[in-house]
Amino acid sequence: MPMNPVERSAAELEIERAHAAEGERIRGHQRANGRKGHALASILGPAFVAAVAYVDPGNVAANITSGARYGYLLVWVLVLANAMSVLIQYQSAKLGIVTGKSLPELLGERMSDAGRFMFFMQAEVIAIATDLAEVIGGAIALNLLFGISLFMGGLVIGAISTVLLWFQGGKTHRLFEKIVIALLLVITFGFIFGLFIAPPDPAAVFGGLIPHFTTTDSVLMATSMLGATVMPHAIYLHSTLVNDHYAPGEKKPTVRQLLHGSKIDVAWALLLAGSVNVSLLIIAANSLYGMKGTDSIEGAQHAIVSVLGPVVGTIFSIGLLASSLSSTSVGTYAGSEIMHGLLRIKAPMWACRVVTLVPALIVLWFAPNPTQALVVGQVILSIGIPFAIIPLMRYTHDRKLMGEYVDGTVKHVIFICVAALIVALNVLLIVLTVLGKA
């Protein structure tokens, strides 16, 4: 029996309502997914800034030397080192997210005045040693590109990095992050371009993933590479970056969302940095193996030019320049935060820039071979590793500090093993250097 008009209109209206409700449910689901994706995207960035420390000129020199001396033998060392770095950098980010404070701030709250000052002094020496390698690397890059003297190149690097630091903090901090990430992409392109010109043998590369050694010297090189992987200032800074990522008064995602986003941030950032380091070693193993004079950055660049051509050499120098500018800016930023957390002094960024720049300029002016200063700087960095990694390990396992986000037993044991390995290797590196064997 056919429906009358009233019954038909009521039925049609009910169907329309059902369709409308279903459409609203779907649109709500899409909006929620969109907000989730936007929230995740807004979290990304701090780890990429911290990752710059892993592709500084000191790492460039070490990776090229390793590949030129031992071929693909130590590829596995860089992969292992990068895996350890992922854990450590995430732990630093986690500490900052959960507590809302940086590692230097937490240290400053738990130490006496004398202890805070002594801890700051060793951290400041580490910051100066870090900047030494980065400014020297940039000065060498400018010399290779434009023939500028090393001292003038150091002044140029100092001036440009100071300008970059103007954007750090407050509402322009995201712009600072974007500039550093852009430089990181330039570094990536500059250092892996040679792989496209002279592709390596995949079988040889995969062979380098099998842990093994050939000589005592290769063991020493592996010790140096593993021990010097983690940068103290990157540990201190990452716990600050996750909070400085948001301007004062800006609404943050929840702690759980921040931790989830930080895992992705750290994984992608250090995957990129690790790929750059492995690529440098592979390029050297493939194109520079057995060549003399690759122990210095200039020697490596000249070798690249002679084997792969001037275009690749120029692109390499541009990557080195970007590496210097980004890493020295981030290093100065870390020094400022260390001073603020430990001494409770918020010094102007330009003043922190001068403190770490002057020693590098002195070395560039007086040292006959400035690249030798990179070795000394590496040893000083090794001394500072335990002061950063051991407190981080303790604090992330402190339930009063971390609450429900405290590290579980398994994770804490893994962290202890990683920290013990890194500290032991750094101590060994220092001893071997003092004995003249490294």
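The legends below describe close-up views of a predicted model.

**Figure 1. Helices α6 and α15 cross obliquely.**
The axes of α6 and α15 come within 8 Å, and the angle at which they cross is roughly 55°. The two helices are therefore oblique to each other. The crossing of α6 past α15 is right-handed. Two packed helices are described by the angle between their axes and the distance between the axes.

**Figure 2. A salt bridge joins Asp131 and Arg353.**
Side chains of opposite charge can pair when their charged atoms come close. Here the side chains of Asp131 and Arg353 meet in a salt bridge, with an N to O distance of 2.1 Å. Because Asp131 belongs to helix α6 (residues 113-146) and Arg353 to helix α15, the pair ties together parts that are 222 residues apart in sequence. Asp131 counts as buried, since its relative accessibility is 1%. Arg353 is likewise buried, with a relative accessible area of 2%. A search of the whole structure finds nine salt bridges.

**Figure 3. A nonpolar patch lies on the surface.**
The patch is formed by Trp350, Val354, Val358, Ile362, Trp365 and Phe366. Together these residues have about 700 Å² of accessible area. One of them, Ile362, lies in helix α15, which covers residues 349-366. Ile362 counts as partly exposed because its relative accessibility is 45%.

**Figure 4. Leu155 of helix α7 and Val358 are shown by their C-alpha positions.**
Leu155 has its place in helix α7 (residues 150-165). With a relative accessible area of 34%, Leu155 is partly exposed. The C-alpha atoms of Leu155 and Val358 are separated by 9.4 Å, while the two residues are 203 residues apart along the chain. Val358 is also one of the residues in the nonpolar surface patch.

**Figure 5. Helices α8 and α14 run roughly antiparallel.**
Helix α8 spans residues 173-197 and helix α14 spans residues 310-343; their axes come within 8 Å and cross at roughly 150°. That angle makes α8 roughly antiparallel to α14. The crossing of these two helices is left-handed.

**Figure 6. Ser336 in helix α14 is buried.**
Ser336 is placed in helix α14. Its relative accessibility is 2%, so Ser336 counts as buried. Between the C-alpha atoms of Ser336 and Ala127 the separation is 9.6 Å, although these residues are 209 residues apart along the chain.

**Figure 7. Arg344 has a positive phi in the loop between α14 and α15.**
The phi of Arg344 is about 60°, a positive value although the residue is not a glycine. Arg344 sits in the loop between α14 and α15. At 53% relative accessibility, Arg344 counts as exposed, because the cut-off for an exposed residue is over 50% relative accessible area.

**Figure 8. Arg256 and Glu404 form a salt bridge between distant parts of the chain.**
The closest N and O atoms of Glu404 and Arg256 are 3.1 Å apart in this salt bridge. Glu404 is in the loop between α17 (399-402) and α18 (409-434), whereas Arg256 is in helix α12 (residues 255-287), and the two are 148 residues apart. Glu404 is exposed, with a relative accessible area of 61%. Arg256 is also exposed, its relative accessible area being 51%.

**Figure 9. Salt bridges link Lys94, Asp407 and Lys411 in a network.**
Within this view, Lys411 forms a salt bridge with Asp407, and their closest N and O atoms are 3.9 Å apart. Lys411 counts as partly exposed, at 26% relative accessibility. Asp407 is buried, with a relative accessible area of 3%. Lys94 belongs to the network as well.

**Figure 10. Ile385 in helix α16 is buried.**
Ile385 lies in helix α16, which comprises residues 373-395. Ile385 counts as buried because its relative accessibility is 1%. The C-alpha atoms of Ile385 and Asn426 are separated by 7.7 Å, and these residues are 41 residues apart along the chain.

Note on methods: Residues are numbered from 1 along each chain as its sequence is written. This is a predicted model: local features need pLDDT of at least 70, side-chain atom pairs count only at pLDDT 80 or more; totals for chains, interfaces and linings use all residues. Side-chain values use heavy atoms; hydrogens and water are left out. Patches are made of residues with over 30% relative accessible area and no salt bridge: like charges are joined within 9 Å, nonpolar side chains (Val, Leu, Ile, Met, Phe, Trp, Tyr) within 5 Å. Accessible areas come from the Shrake-Rupley method with a 1.4 Å probe; for residues, only the protein chains shown count as cover. A salt bridge is a side-chain nitrogen of Lys or Arg within 4 Å of a carboxyl oxygen of Asp or Glu. Helices (H or I, at least four residues) and strands (E, at least two) are DSSP runs, numbered from the N terminus. Buried means under 20% relative accessible area, exposed over 50%, partly exposed in between (1.4 Å probe, protein chains only). Axes are lines fitted to C-alpha atoms, for helices over the stretch in contact, and angles run from 0 to 180 degrees between N-to-C directions. Angles under 35 degrees count as roughly parallel, over 145 as roughly antiparallel, 65 to 115 as roughly perpendicular and the rest as oblique. A crossing is left-handed if the near helix is turned anticlockwise from the far one by less than a right angle, and right-handed if clockwise.
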